[in-house]
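Me: Please take a close look at the pockets of this structure. I would also like to know how confident the prediction is and which backbone details deserve a check.

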Amino acid sequence: MSKETLQAKTSRIRSVFQDRDKDDKVMSLFITAGYPDLDSTVELILGFEENGAEVIELGMPFSDPLADGPTIQYASNVAIKNGITMNRIFEMVSEIRKSSEIPIVLMGYINPVLRYGVEEFCRKAAESGVDGLIIPDAPIEESSVLEKTAKANNLDLIYLVAPNSTDERMKLIDEHSSGFVYCVSVTGVTGARQGDEVAKSVERFIDRVNKNVIKNPKMVGFGIRNHEDAKIISQKTDGFIVGSALIDSIRSFYPNNEWKRNVFSFVKELKHGDHKKIQK
Amino acid sequence: MKYTAPTKQGYFGKYGGKFVPEILIPVLEELETAYETAQNDPLFQKEYYDLLREYVGRPTKLTLAERLTDHYGKAKIYLKREDLCHTGAHKINNAIGQLLLARNMGKIRIIAETGAGQHGVATATACAKFGFECVIYMGAEDMERQKLNVERMGLLGAEVRSVESGSKTLKDATNEAIRDWVTNVENTFYIIGSVVGPHPYPMMTRNFHRVIGEETKDQLKAVEGRSADYLLACVGGGSNAIGFFYPFIEDNNVKMIGIEASGLGAETDKTAATLTIGTPGVLHGSLSYLLHDKEGQVQLAHSISAGLDYPGIGPEHAYLHDTKRIHYYGITDAEAMNAVKLISEKEGIIPAIETAHAFAYLEKLMPLTQKDQIVVVNCSGRGDKDMKTISDWFSGS
């Protein structure tokens with residue numbers, strides 16, 4: 001129970017989900033650290049926050065992102081070519097912390113974390129102001145050390161549930177997760193999807209999630225392209241995650257003049273839809 | 001000493017495991033159950049061994065390499081002739097086994113990755129025989145190096161998808177196959193071609209290849225009345241090697257050597273000598289030795305052989321390396337190509353360049369052997385597919 005009080009005091013993630021109107025969905029944005037260039041990441045994140053993002057998933061690039069579609073593969077590649085390192089990512093987070101309290105979750109593959117050293121990685125992450133971790137290729141079975149170490153450093157460890165996860169599995173994931181549970185809306189890799197591909201199948205899945213995941217808030221991601229997608233898909237959850245569509249947007253504007261302004265207006269639209277943009 | 005690896009969780013010592021996205025967890029559990037059922041099902045076993053006999057052409061011969069033995073003038077050299085398997089390499093043992101499993105599990109679509117194309121051809125062959133839809137992922141560079149195999153797969157009715165990402169070789173083909181798998185988990189079975197990937201693949205693939213070592217053991221007993229002193233096999237992911245070694249593993253009198261591709265040399269950055277210079281890391285679902293930089297980014301492996309230029313290695317090999325039960329050495333491109341020539345000229349067998357790495361190690365081993373000893377080389381595949389690379393090499397282009 002000392003753990004509970006500690007978390008209540010320190011978890012930026014938890015506070016985002018508290019006292020919300022049920023129609024006001026949390027928007028989490030994924031951006032690959034070091035994409036499109038090393039210097040823009042901090043400024044982008046601060047701009048995302050200003051335009052409606054409430055959680056940031058900062059991607060730690062990996063050479064072999066086998067759960068990602070072409071968009072995030074591309075961004076990871078660019079970031080690695082730009083010379084991104086784990087220490088540089090920690091510096092970025094420290095920089096953001098000078099002016100922002102937005103929850104930051106590091107998301108990436110297990111190998112760079114193991115290579116850095118789980119102990120050292122968690123310590124540095126916590127020191128720099130990281131709030132949580134999402135490691136998609138480290139399921140519960142393989143995460144006992146990571147889970148313990150993250151907890152010791154007050155880092156939330158966020159696991160994923162998938163449409164083919166059994167009820168039992170969902171309960172287990174809820175038990176092991178802290179911060180929130182990441183609901184993967186469709187089987188497949190990350191990436192924006194066409195038409196109703198997502199919406200059609202997602203409803204029954206989310207109903208099942210709601211029945212089994214009761215301890216943690218639920219965020220839904222994979223395939224969301226715009227505000228309308230987000231609205232439909234996140235209806236019965238606490239919020240939504242956009243990654244590939246955001247990176248596609250950056251890719252389409254970068255490095256034209258005012259690319260950041262265009263990206264920020266895309267972000268604002270994601271959160272509020274078109275009409276709000278016109279009102280402002 | 002009793003050898004029982006892997007554990008129920010899929011660990012060989014500290015290596016192995018299931019480092020996969022959540023989507024694949026139920027799939028792997030389903031696979032574990034289906035595999036366990038099949039292992040204990042006499043009908044499945046009978047069907048599998050019948051196919052090995054009547055379709056693959058097993059048992060493969062154990063050939064005494066007389067002129068090669070004379071050439072070194074030391075221990076007697078035998079070749080386990082996996083090159084005589086249908087499709088020209090050992091890979092078909094596993095492709096058939098996994099395909100039968102897929103059928104039992106009600107999957108209708110098969111995917112596979114391939115490097116040199118041998119596993120792709122084996123999988124396409126099994127799919128043709130059983131009437132399955134088949135998609136093979138192959139790096140664009142490998143498609144260039146192994147054109148003949150690309151055409152064979154096409155003729156067998158498989159769709160070969162060119163992979164343009166990363167190094168455009170086996171590593172990236174595997175990434176792409178896994179992406180297909182997580183997208184189509186419902187109806188698709190992924191036939192992994194080596195003893196890599198998440199549990200239960202390394203164990204399952206080993207067990208579908210252990211017939212190589214079991215036959216060797218029986219054949220040696222019949223002709224020599226005893227076991228071998230040395231076993232040699234090449235190692236990329238490590239499937240032919242583990243299938244060959246595994247049945248001998250509890251017999252400590254048998255020395256086993258796995259031969260990696262060191263490319264231009266293990267001290268250069270153009271190498272695939274994972275156990276020689278790699279460190280533990282996770283790639284394609286399991287923890288093993290890996291070629292990666294200090295940031296944990298996987299490095300591109302190099303070998304003249306498209307089947308060996310993989311920056312990882314099966315987790316069981318990592319374990320056997322650490323426990324020193326098996327010794328691993330690197331052979332360079334040049335040493336392997338010399339062996340291609342030597343074996344062709346001395347034995348009338350053109351080995352695959354992969355296989356030639358194992359033969360090249362004879363140069364180092366043979367002077368240390370005695371005349372009354374026995375060395376068996378696993379002749380894992382034939383070299384027809386490599387003719388272009390071979391002739392380019394010897395014509396100096």
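Reply: The pockets come after a short note on the model, and the backbone and cysteines follow.

This is a predicted model, in which local features need pLDDT of at least 70, side-chain atom pairs count only at pLDDT 80 or more, and totals for chains, interfaces and linings use all residues, while side-chain values use heavy atoms and leave out hydrogens and water. Residues are numbered from 1 along each chain as its sequence is written, with chains lettered from A and ligands numbered from 1 in the order in which they are written.

The predictor gives the complex an ipTM of 0.95 and a pTM of 0.96. Chain A has a mean pLDDT (the predictor's confidence in each residue, from 0 to 100) of 92, with 92% of its residues at 70 or more. Residues 1-8 of chain A fall below 50, and this stretch has 4 contacts (heavy atoms within 4.5 Å) beyond near neighbours in sequence. Chain B averages 97, and 100% of its residues score at least 70.

A pocket here is an open set of points on a 1 Å grid over the protein atoms alone, where a 1.4 Å probe fits, with protein on both sides within 12 Å along at least five of seven lines; its lining residues have an atom within 4 Å of a point. Grid points are joined across faces, edges and corners, and the volume is the space filled by probe spheres set on the points.

The largest pocket has a volume of about 580 Å³. It is lined by 22 residues, and those closest to its centre are Lys22(A), Asp23(A), Asp24(A), Lys25(A) and Ser234(A). Two or more lining residues come from each of α11 (227-234), α13 (259-272) and α14 (274-279) of chain A; helices are DSSP runs of H or I with at least four residues, strands are runs of E with at least two, and both are numbered from the N terminus. The largest share, 5 residues, is from α11(A). By type, the lining has 12 charged residues (Asp, Glu, Lys and Arg), 4 nonpolar ones (Ala, Val, Leu, Ile, Met, Phe, Trp, Tyr, Cys and Pro) and 6 polar ones (the others, Gly among them). One caution concerns chain A, where pLDDT stays under 50 over residues 276-280, while α14(A), a contributor to this lining, spans 274-279.

The second largest pocket holds about 360 Å³. Its 22 lining residues include Ser63(A) and Asn77(A) as well as Gly166(B), Lys171(B) and Leu300(B), the five closest to the centre. At least two residues each come from α4 (70-81) of chain A and α8 (170-183) of chain B, and α4(A) gives the most, with 6. The division is 6 nonpolar, 10 polar and 6 charged.

Now the backbone. Most residues other than glycine have a negative phi, and most peptide bonds are trans. Asp19(A) has a positive phi of about 50° and sits in the loop between α2 (12-17) and β1 (26-32) of chain A. Asp19(A) is exposed, at 82% relative accessible area (exposed is over 50%, buried under 20%, partly exposed in between, with a 1.4 Å probe and protein chains only). In chain B, cis peptide bonds join Ala5(B) to Pro6(B), with omega about 5°, and Arg58(B) to Pro59(B), with omega about -5°.

There are 0 disulfides (cysteine sulfur atoms within 2.5 Å) over all chains. The sulfur of Cys379(B) is 9.6 Å from its closest cysteine sulfur, in Cys234(B), too far for a bond, and Cys379(B) is buried at 0% relative accessibility.
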